[in-house]
Amino acid sequence: MDDLAGKRTGERIQVLREHRGLTRPTLAGLVGRSASWLKGIENGRRLPPRLPILVRLAEPLGVGDVAQLAGTDMDIGDAGSSPLASFSRIPHAAIPAVREAVRAPLLTVPETGVAVPSLAARVAQAWCLWHGSATHRTDVGRILPALVRDARIAARAAEGEDRRTANAILSDVYALAQAYRYALDPTPAQERALLRHAGAARVAYNWGLARVKATMDQRAAERSYGITGEDLTPVVSWSMYSLRKDWNRAKHQVAPWWAECSKEAYASGLTQLADALKNWADSRTGKRTGRQMGFPRFKSRRRTVPSVRFTTGTIRVEDDRRHLTLPRLGAIKTHESTRKLHRRIAAGTARILSATVRREAGRWLVSFTCDVERADRTQARPDAAIGVDLGVKHLAVFSDGRPPADNPRHLATALGKLRRASRALSRKQGPDRRTGKAPSNRWLHANAAHNRIDHHVAAQRRDAIHKLTTGLAREYGTVVVEDLNVAGMVRNRRLARALSDAGFGEIRRQLGYKTGWNGGQLVVADRWFPSSKRCSGCGAVKPKLPLRIRTYLCEHCGLELDRDENAALNLARPGKTGTFARQRANHRGTLNLRERVVGMITRAFGEGDHDGDGGAGGDSRVLSASQA
């Protein structure tokens, strides 16, 4: 542009900003700075920005050459041109097609659908190309877009058991996701803004739920009057896209203050409502397994945990590793260093997909869901298999003779503090929902103290389980656990508290994705596999073995040992067979469908636009009693 000649860097930024129609706060927010900082750059009171900031300014200003921003007061080198593309990694030629397959709306679904077994075979063939072809990126790039589209179609068109499998595939197909969680130290103004965004999400959720519920009640009343067919009130669609479109039409009347918050706040609440209604409907029709879900409830201001999720806009970890930037909220200070995530982002091995901010125990926390490109790892003992028997006396007993992991019993240890905090809370003037009386300040302080104890117990339990599962996944190539019916076990009122405090379900969940991260496999024994009743020496099975009997004594071979050790040995035996050893040796070609499709996207090209909060699962296989 001719009008940039002879101008300073700040003047050039101002000319380009006005040409693009951007305000100072808007442009400054896109690079994580304040409007006063940008004003100082433009009028010359501040020194010109350094090259990394200049590169970030070039994209929103629509500048393809960074040299156009460098004025007479800045020297970027002898080169007369500095293309913006030279500051970023050159993408593979197949990325646009993969991105289109991921982001294109799926408006229609073929009647025939896509067979899930056939899809699994195609993914296995693609992995053979990845490992055997000299031009694996190009060869896989040709088939990957169609593979992604067919996986989305399978999740939409499949029925019954295949639909559950396909939905599980789709939840993980877009991202090998990992969450990074950090505590925040927002200013009072930023805390008010966070509460305002969380309240906006709650308002949008309640508005959509009231609209859907009113329509369903009206149709039920009309049917009671004998009205049928087309004379009934039209059905209100509760898909996220329909709810968001209806909200945009009604937000001026429902929430005149809607412009004070980011659009992501309202989208967050409507997305939660759409998921809740879909889960309720699937539970009623049998498409969703587990306990039947009730109809969604309205969220109250007092009892709901403030939370909001951001998926678009400026979501960034700053270079100082002490701040992060969120849409409409700007740069927020973190309580701890973000160096672990920042290093991955700087190296190009991680990309932020979304950020969820919530308040727990009086502290604001942010969780980043990231697309992570992981390097191949090998365990310390890749050919070893270990059986893990979970229990209450010992949290985990192992089959290789290592000392059992003691159950820390964090909740039982903190029960005395919880009782004292509960008694102190009961003596304060709390809220009264009947009269609308607000709680006293002393009640609020006592309630916060009680909640801090609860959250501290949860944090201790989470830390202990992470240390246990990480050590197992990094050392052993195969980890074998039982498929415990935890939901049924906690119905025993004498064991419910101890079982819940142990966290059996969380241990299995973490082993599932950590074994996949480290190149191993998780084998899940069948729920009816008699690990405790079977003798690990001769294989004889006892008809009954009550819980009060802690020592296993075999009447056939005379074996006598602890019942938990016997169960761990029985679990480890299938993992040591040649079949599982061969599967483990070629785990990259035999990973489950979810892991393989995710790996195609994240590893083949190093980038891609994937939506969703999928978690990377390990190579989980269910072992039946007959195989044992």
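Okay, let's start with a puzzle: which residue in β10 is the bridge partner of Ala396? Keep that in your head for a few minutes, and we'll get to it when we reach the strands.

One thing up front: what you see on the screen is a predicted model. So let's walk through it.

First, the overall picture. The chain has 628 residues, and 43% of them count as buried. Its secondary structure comes to 21 helices and 15 strands. The accessible surface of the chain is about 33,200 Å², and carbon and sulfur atoms make up 51% of that. And here's a number I like: take the contacts in the chain with a separation of 6 or more, and 66% of them are between residues 24 or more positions apart.

Now, the inside. The largest nonpolar core has 44 residues, and the ones that touch the most other members are Leu326, Leu341, Val357, Val366 and Phe368. Several elements give two or more residues to this core, among them the helices α9 (188-224), α10 (240-254) and α11 (263-285), and the strands β6 (350-360) and β7 (363-372). Let's zoom in on Val366. Leaving aside its neighbours within four places in sequence, Val366 is in contact with eight residues you can click on: Tyr180, Arg181, Tyr182, Leu184, Leu324, Ala355, Thr356 and Val357.

While we're around here, have a look at helix α10, which is where you'll find Asp246. Is Asp246 buried or exposed? It counts as buried, because its relative accessibility is 12%, and the cut-off for buried is under 20%. What is this side chain joined to? A polar contact of 2.9 Å links the side chain of Asp246 to that of Arg211. If you skip the neighbours within four places in sequence, Asp246 is in contact with Trp207 and Arg211.

Right, strands. Find β8, residues 381-390, and then β9. The two run antiparallel, with three bridges joining them, and they form a hairpin with three residues between the strands. Across that pairing, Asp389 stands opposite Val397 in β9.

Stay on β8 for a second and look at Gly387, which sits in that strand. Its relative accessibility is 0%, so Gly387 counts as buried. Gly387 and Ser399 are twelve residues apart in sequence, but their C-alpha atoms are 5.2 Å apart in space. And leaving out the neighbours within four places in sequence, the contacts of Gly387 include Val397, Phe398 and Ser399, and also Val480, Ala568, Leu571 and Ala572.

Next, β9 itself, residues 394-398. Four of its five residues are buried, so the rest of the structure largely encloses this strand. On from there, β9 also pairs with β10, residues 405-406, again in the antiparallel sense, over two bridges. And that takes us back to the puzzle: the partner of Ala396 in β10 is Ala405. β9 and β10 make a hairpin too, with six residues between the strands, and in that hairpin Gly401 takes a positive phi near 85 degrees.

Since I've mentioned phi, a quick aside. Most residues other than glycine have a negative phi. So here are two that are worth a look. Arg328 has a phi near 65 degrees, a positive value in a residue that isn't glycine. Arg328 is in the loop between β4 and β5 (330-333), and it counts as exposed because its relative accessibility is 51%. The other one is Arg409, with a positive phi near 50 degrees. Arg409 lies in the loop between β10 and α13 (410-426), and at 34% relative accessibility it counts as partly exposed.

Last stop: helix α17, residues 504-517. How far apart are its end C-alpha atoms? They are 20 Å apart, which agrees with the 20 Å that its 14 residues should span at 1.5 Å a residue. Ten of those 14 residues are buried, so α17 is largely enclosed by the rest of the structure. Among the buried ones are Phe504, Ile507 and Leu511, and also Lys514 and Trp517. Just after the helix comes Gly519, with a positive phi of about 80 degrees.

That's my tour. If you want to try one view yourselves, go back to β9 and look at its two antiparallel partners, β8 and β10. Thanks, everyone!

Methods:
Residues numbered from 1 in each chain as written. Predicted model: local features only at pLDDT ≥ 70, side-chain atom pairs only at ≥ 80, totals over all residues. Heavy atoms only, no water. Core = buried A, V, L, I, M, F, W, Y, C linked by side-chain atoms within 4.5 Å. Buried < 20%, exposed > 50% of the residue type's maximum accessible area, 1.4 Å probe, protein only. Contact = heavy atoms within 4.5 Å. Polar contact = N/O pair within 3.5 Å; in protein donor to acceptor, adjacent residues only side chain to side chain. Pairing = 2+ DSSP bridges. Expected span 1.5 Å × (residues − 1). Areas by Shrake-Rupley, 256 points an atom, 1.4 Å probe, with all protein chains shown as cover.
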